[in-house]
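Could you walk me through this model in my viewer, one selection at a time? I would like to know what to pick next and what is there.

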Amino acid sequence: MSISRRDFLRGAATTGVVSLCGSNALASETHTGNPDRYGVLVDLSLCSGCRTCEAACYEENKNRDTNRRTDNEHEGNLPPPRVPFDDLSVTATRRRPSGGVYTVVNRYQAQGATGQDRNVYRKLQCFHCDEPACASACFVSALTKTKEGAVVYNPNVCVGCRYCMTACPFSIPGYEYDNPLTPRVKKCTFCYHRTSVGRPPACVEACPYGVMTFGKRSDLVRFANEKILAHPERYVHQIYGENEVGGTAWMYLSPVAFDQVGFRTDLGTTPYPELTRGFLSIVPPVLVLWGPALMGVYAFTQRKEKLAEREKRDAVGTAVASAVAAAEQKAAKQFEAAMKKADKERELAVKKAVEETKKATAEQEAK
Amino acid sequence: MTPFNVVAAAILAVGIPITFIRFTQGLASATNLSDRTPWGFWIGFDVMSGVALAAGGYVTASAVYLFGMKKFHGVVRPAILTGFLGYFLVVVGLCYDLGRPWRLPYPMVVSFGVTSVLFLVGWHVALYLTTQFVEFSPAIFEWLGWKEVRRVASMLTVGATVFGVILSTLHQSALGALFLLAPAKVHPLWYSPYIPIFFFVSSIIAGLSMVIFESSLSHRVFADQIDPEHAGEHDEITLGLAKGAAVVLYGYFAFKVIGIAHGNDWNLLNTGYGHWFLAEILGFILLPCILFTTAVRQQNATLARWTALLTVVGIVLNRLNVSVIAFNWQLPAEERYFPSWMEIAVSVFIVTVGLLTFRWIVERMPVLWEHPDFKDVQ
Amino acid sequence: MDTLHEFMKHTKSVEYLLAIAFLVGFIFFWRLLTANEDR
């Protein structure tokens with residue numbers, strides 16, 4: 001029995017639909033693109049850990065839930081700080097962005113170029129990668145890289161799976177774990193409501209020491225290189241974020257080695273979406289090949305069974321035939337034997353009758 | 001009031017209030033999840049391990065319906081039921097973990113993230129649940145006595161089996177592929193471009209072992225339900241499955257070693273995590289391979305059963321290693337995640353509900369025995 | 001272990017060697033597994 005038409009149509013239709021989705025995966029090149037996209041250069045040699053940027057970020061975003069589609073005015077977007085922003089002692093702790101905090105500045109004790117100990121402060125927030133792992137990971141496209149450079153989050157479709165948090169190489173996104181009904185992924189928005197119209201983010205504007213520079217990313221790379229050239233003793237000769245994980249919008253210059261100020265230096269330069277492209281590309285071939293291959297196995301098995309069936313029937317037929325023949329032979333033999341026996345008995349009976357007649361005749365003559 | 005029922009009642013009495021707490025007060029009230037560790041025990045055990053252990057459905061169905069290995073016919077229905085319930089419980093467990101579980105259909109109807117491996121997983125699990133239901137439905141229709149519907153459902157079996165294998169190949173490997181996006185977080189001995197293959201191959205092993213394990217339990221617990229004809233073949237079936245498992249375990253072990261070579265990670269074997277990795281591949285892959293081989297050679301079904309249990313534990317261990325234990329391995333000890341007692345309690349609760357459902361179905365529907373009106377189960 | 005690592009780093013074809021070794025090994029494994037079956 002071969003595959004029914006219903007099964008075939010069902011298989012083909014579904015294969016078609018899911019194949020299309022699979023080939024979409026290959027076709028989507030959503031991320032690198034706009035050469036005019038913005039960035040921010042953070043010069044850590046200028047940062048003194050005053051936390052003004054943290055305060056400005058909070059003020060700007062505490063009632064604003066910026067998302068891609070609409071600017072929602074949303075009260076209570078960020079909870080009030082547990083420690084006031086003018087308390088600088090907390091910079092000694094290892095704080096990180098979280099479900100209620102978009103950016104933190106931490107203090108690191110590092111070794112300067114000439115071997116002396118010095119404090120270096122580092123502002124940490126979403127890096128707004130050119131090819132974001134989070135956007136690639138999101139199965140409902142809740143995170144997207146805008147053409148202005150910001151990676152923004154849409155809480156209207158987020159299911160809360162938190163794969164974006166797993167994927168982020170910098171472990172930036174936080175989650176509102178204590179919110180039972182409307183928990184959101186939270187991270188720096190690059191003040192998209194500002195940068196989408198060309199204005200710098202609140203933190204950049206508020207910084208009293210000019211630590212951060214907002215502009216076109218390509219310009220900032222040039223600017224950073226100029227800084228290094230002009231003051232080679234002041235900086236490590238590398239722009240962090242220029243090539244890391246395929247390049248990020250937020251880049252850093254540092255007076256000490258980057259791994260001394262909390263940066264991971266083992267992330268490589270491969271954009272993260274590349275890492276799953278290989279796997280996703282096998283989906284269409286599997287969909288197209290597995291079906292026929294398995295149906296082939298099924299057909300082969302069916303044929304094998306049919307042949308086995310026929311052989312069995314033939315074998316049974318032969319067996320029956322020979323059994324019948326044997327039975328006939330046996331019957332014939334028995335018949336012959338029975339006939340012989342009957343003949344013999346008849347003979348005996350005749351003999352006996354003749355003898356008895358003789359005897360009777362003899363007895364009569366004797367009287 | 002059997003001991004099992006008493007324990008089950010106790011588990012339900014604990015699980016239901018925790019469920020209430022989790023859904024009224026948020027994830028923080030019931031879990032130790034954090035921003036650094038967004039995925040914990042519910043993902044590592046209920047989702048990752050659950051899907052692997054539910055693989056018996058597609059493995060057994062393809063063996064019987066596609067490869068014509070008729071001798072396993074007696075375990076197909078229980079295997080498919082285990083598979084269907086397994087996947088269903090995965091979805092239940094997932095609903096505990098998701099921030100907004102009512103939005104679970106979103107990747108299917110609202111917004112499509114086609115670059116995401118998780119998108120693939122979501123679609124496939126949904127389609128696969130349906131497929132497993134179709135494969136199991138003849139049993140339901142026999143129970144209800146709906147002869148015509150049952151006939152139609154049976155005709156779909158081969159197509160559903162083929163579809164099930166396609167889906168399983170993709171989503172079992174996709175669950176592993178999820179971690180391809182975390183090279184900086186998964187320990188190098190477990191991180192490999194071969195993760196998808198590891199997950200797929202080990203799902204076959206998990207499926208075979210779970211069928212051995214489940215049929216052994218069923219034969220003891222539901223001894224009065226089983227067809228005498230099936231009861232007699234039980235050992236033969238067990239050893240047949242064990243033979244398959246031994247072969248695939250051999251291949252899996254080979255792949256793992258080649259994976260170390262590919263990553264050039266030999267020197268890592270002599271670290272703490274290295275020893276743990278060796279424990280996993282030697283104690284839970286190589287050893288079961290040797291034990292299954294021994295069991296088959298000596299026709300020792302009891303050894304096969306115990307080995308199946310060891311193998312199942314090994315699969316769970318592997319999934320937990322990749323998703324939780326070897327994940328974030330570089331974080332200092334005080335920042336590492338450990339599940340809260342409530343997370344574990346919920347997982348035990350979900351498994352218990354699964355067992356109770358399995359028992360309810362098996363006591364009513366023709367799963368362990370053939371319905372007298374439908375002797376041609378095909 | 002470290003010298004082993006050094007050796008392995010310079011043996012580019014280790015993966016292929018292992019694959020062939022395991023394939024050959026499979027023949028023996030299969031014979032071991034099916035030894036007591038009546039052929």
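Two strands count as paired if DSSP finds at least two bridges between them. Keep that cut-off in mind for the first stops, and remember throughout that this is a predicted model.

**Stop 1: the middle of a sheet in chain A.** Select residues 38-43 of chain A, which form strand 1. Now add residues 212-216, strand 10 of chain A: five bridges join this strand to strand 1, and the two run antiparallel. With a cut-off of at least two bridges, the two strands therefore count as a pair. To see one position where they face each other, show A:V40 and A:F214, which stand opposite one another.

Next, add residues 250-253 of chain A, strand 11, which pairs with strand 1 in the parallel sense over four bridges. Here A:L41 is the residue to show, since it stands opposite A:M251.

With these strands on screen you have an open sheet of three strands in the order 10-1-11, with mixed pairing. Strand 10 and strand 11 of chain A are its edges, each pairing on one side only. Look along the sheet for its twist, which averages 25° from one strand to the next.

**Stop 2: the two faces of strand 1.** In a regular strand the side chains alternate between the two faces of the sheet. Which residues of strand 1 of chain A lie on each side? Colour A:Y38, A:V40 and A:V42 for one side, and A:G39, A:L41 and A:D43 for the other. Both faces are covered, and these residues are all buried. In other words, six of the six residues of strand 1 are buried.

Now select residues 217-230 of chain A. This is helix 7, which lies across strand 1, strand 10 and strand 11 of chain A. Compare its direction with strand 10 of chain A: the helix runs at about 135° to that strand.

**Stop 3: chain B as a whole.** Hide the sheet and show chain B as a cartoon. How many helices and strands does chain B have? There are 13 helices and zero strands, so from the N terminus on every element reads α. The radius of gyration of chain B is 21 Å, close to the 21 Å that the globule rule gives for 378 residues, so chain B is as compact as a globular protein of that length. Along its principal axes, the C-alpha trace spans about 65 × 50 × 45 Å. Of the 378 residues, 55% count as buried. Among the contacts in chain B with a separation of 6 or more, 80% come from residues 24 or more positions apart.

**Stop 4: where the chains meet.** Bring back all the chains. Two pairs of chains are in contact, and chains A and B share the most contacts. Chain A and chain C have no contact between them, and their closest C-alpha atoms lie 18 Å apart.

Finish where chain B meets chain C: the contact takes 17 residues from each of these chains. On the chain B side, select helix 10 (228-263) and helix 11 (272-297), each of which supplies at least two residues. Helix 10 of chain B gives the most, with eight residues. Coloured by type, the chain B side divides into nine nonpolar, six polar and two charged residues.

Methods. Residues numbered from 1 in each chain as written. Chains lettered and ligands numbered in written order. Predicted model: local features only at pLDDT ≥ 70, side-chain atom pairs only at ≥ 80, totals over all residues. Buried ≥ 20, exposed ≤ 12 C-beta atoms within 10 Å, placed from the backbone. Contact = placed C-beta atoms within 7 Å. Nonpolar A, V, L, I, M, F, W, Y, C, P; charged D, E, K, R; others polar. Rg over C-alpha atoms; globule rule 2.2 N^0.38 Å. Axes fitted to C-alpha atoms, helices over the stretch in contact; angles between N-to-C directions.
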